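Me: Got a minute to go through a ligand site with me? I'll paste the structure below.

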Amino acid sequence: MTSQLKDVSSATRSFIERTHHILIDGDWRQPRGQSNDVIDPSTGETISSFNGSSPEDVDDAITAARNAFDHGDWRHMAPAARAKVLWRIADLIEENKQELAELEALDGGKLLGGALNGEAPAAAEAFRYHAGWCTKIEGRTFKPSIPGLDLEGQTRLEPIGVAGLITPWNGALVMGAWKLAPALASGCTLVLKPAENTTLSTLRLGELICEAGVPEGVVNIVIGSGSTVGAILGEDARIDKVSFTGSTRTARSLIEASKGNLKKLSLELGGKSPVLIFDDANLDDAVNGAADGIFSNAGQVCVAGSRILIQKSIYDRVVKGLCDKARSIKVGRTLSSSSQMGPLISAQHRDSVERYVQQGVADGAKLLCGGERVEGPGYFFEPTVLADETTRSCVWSDEVFGPVAVVTPFDDEAHALRLANDSNYGLAASVWTSNTSRAQRLTREIKAGIVWVNCHGIPDMAMPIGGYKQSGWGREHGWKGLEAYLEHKSIMHRID
Ligand code: NAP
């Protein structure tokens, strides 16, 4: 096995090889918790290590964020000045995008090209988009209708306070940015915890945030396992709000943990998103879109189109197209420019994906292609397609979070809609058709936070995303996403 480390820039290599510190009150400190290895999922090689934060470190981080909110200037700063800091963060992300992308490739298992041209620019865009909002957070005035009194009504929007931000491993940089940017734009202070599997890009982003001039104590970064570090953020009464992206299972424990002070929760959770392909669609586009929808980032995407519903008249043709695509995908290391799909994040996660495929077959689904781990170093798994007409297998109902699609035929629009909504999740969906009336009918009736028509998985900062049903609470992006970091206050003035 040869290391991918030799293929990255010297800046990235020296960052990876240094001792990793956490950010508390503007200081980069040695964390006092347990040691963890940093593993490149393309090779299985240990490329670095870090100590996780101890409970005392997390306590210090929360204290710093609380003090910075209660006694600091950030929330009182002129909005235009806050906006400038966010713009500076975006510029620094762009200036350092090669390094950030290489960290995502080595630590997060992202294909380098995607990280460079997709994730890093998207992270910068999150800060620019929210920089624009800083000067537009405003309330209203109105005339109350109480008889006999001369009154003036007013509403104000205020930062919610200290935010705990918890991100998953399948997009550490961009999902960190999606939470940091609205929290900072609103005037909150925060403690951020990335997933233990992918800490490095968040730590580097933290350095850029300091360089951009965010005041001490406003942004604090702790690292380490969810069950210790993350759980404290859920429980601590000095935190006013937690924004969490991750699994529905962890969300339940956060709901439990946050009961003490009834902190506000935003929950961006899992999905089992349907892709509906009708016989009047452009089938080449639909096959390519459905394949990208499930195989990009090896299916480790919350909005992955993991249930592909195909009209009976075109079923064989579309399934053949999908399987041909799946077999043609070049699975390989994240730094190789010829790779089209990278690894799963860890050996443990690959075991879980493999178990799902085996259980799916045991439940009656038919394996059409793939289904095997790729032997050799790294945690690769073949692009896989299973057919399940009965819709009773675990691969139909459960989020696999790997490159595993289940295909199912449908008779007509009503049948397609029933299948699409047959899920505990409701995160996303796509409809492939040339019939705009059908697209309108379906977008009204599908129970999902976002529905794409003739495309899949395209995010935009202005377009809120989030879940129906067990896919979450609240929305990220757009005004809706920013509002989740704001409290609404009503003020009544009596005029003498
Ligand atoms: P996860 O296991 O729920 O972990 C998410 C984060 O929560 C990690 O930082 C994790 O820390 C932390 N955590 C674990 N236990 C915790 C606890 N008891 N209290 C507080 N925090 C805790 O999810 P994952 O496996 O990393 O991510 C995959 C999931 O995220 C999938 O279900 C996917 O669909 C979902 N996701 C949703 C969206 C969306 O926008 N809706 C986007 C991306 C991903 P450690 O990992 O360090 O233990």
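Me: Which helix gives the largest share of the shell around the ligand?
Reply: α8, with 4 residues. Helices here are DSSP runs of H or I, at least four residues, and strands are runs of E, at least two, numbered from the N terminus. Keep in mind it's a predicted model: local features need pLDDT of at least 70, side-chain atom pairs count only at pLDDT 80 or more, and totals for chains, interfaces and linings use all residues. Residues are numbered from 1 along each chain as its sequence is written, and side-chain values use heavy atoms, with hydrogens and water left out.

Me: Which elements each supply at least two residues of the shell?
Reply: α8 (226-235), β10 (241-245) and α9 (248-257).

Me: And which residues come nearest to the ligand?
Reply: T167, E196, S247, T250 and E399, out of 29 around the ligand. Being near takes a heavy atom within 4 Å.

Me: How do the shell residues divide by type?
Reply: 12 are nonpolar, 13 polar (Gly goes here) and 4 charged.

Me: What about polar contacts to the ligand's oxygen atoms?
Reply: A polar side-chain atom of S247 is 2.7 Å from one, and a side-chain N or O of K193 is 2.9 Å from an oxygen of the ligand. At G246 a polar backbone atom lies 3.3 Å from a ligand oxygen. The cut-off is a pair of N or O atoms within 3.5 Å.

Me: How much of the ligand does the protein bury?
Reply: 87% of the 900 Å² that the ligand exposes taken alone, by Shrake-Rupley with a 1.4 Å probe.

Notes. Polar contact = N/O pair within 3.5 Å; in protein donor to acceptor, adjacent residues only side chain to side chain.
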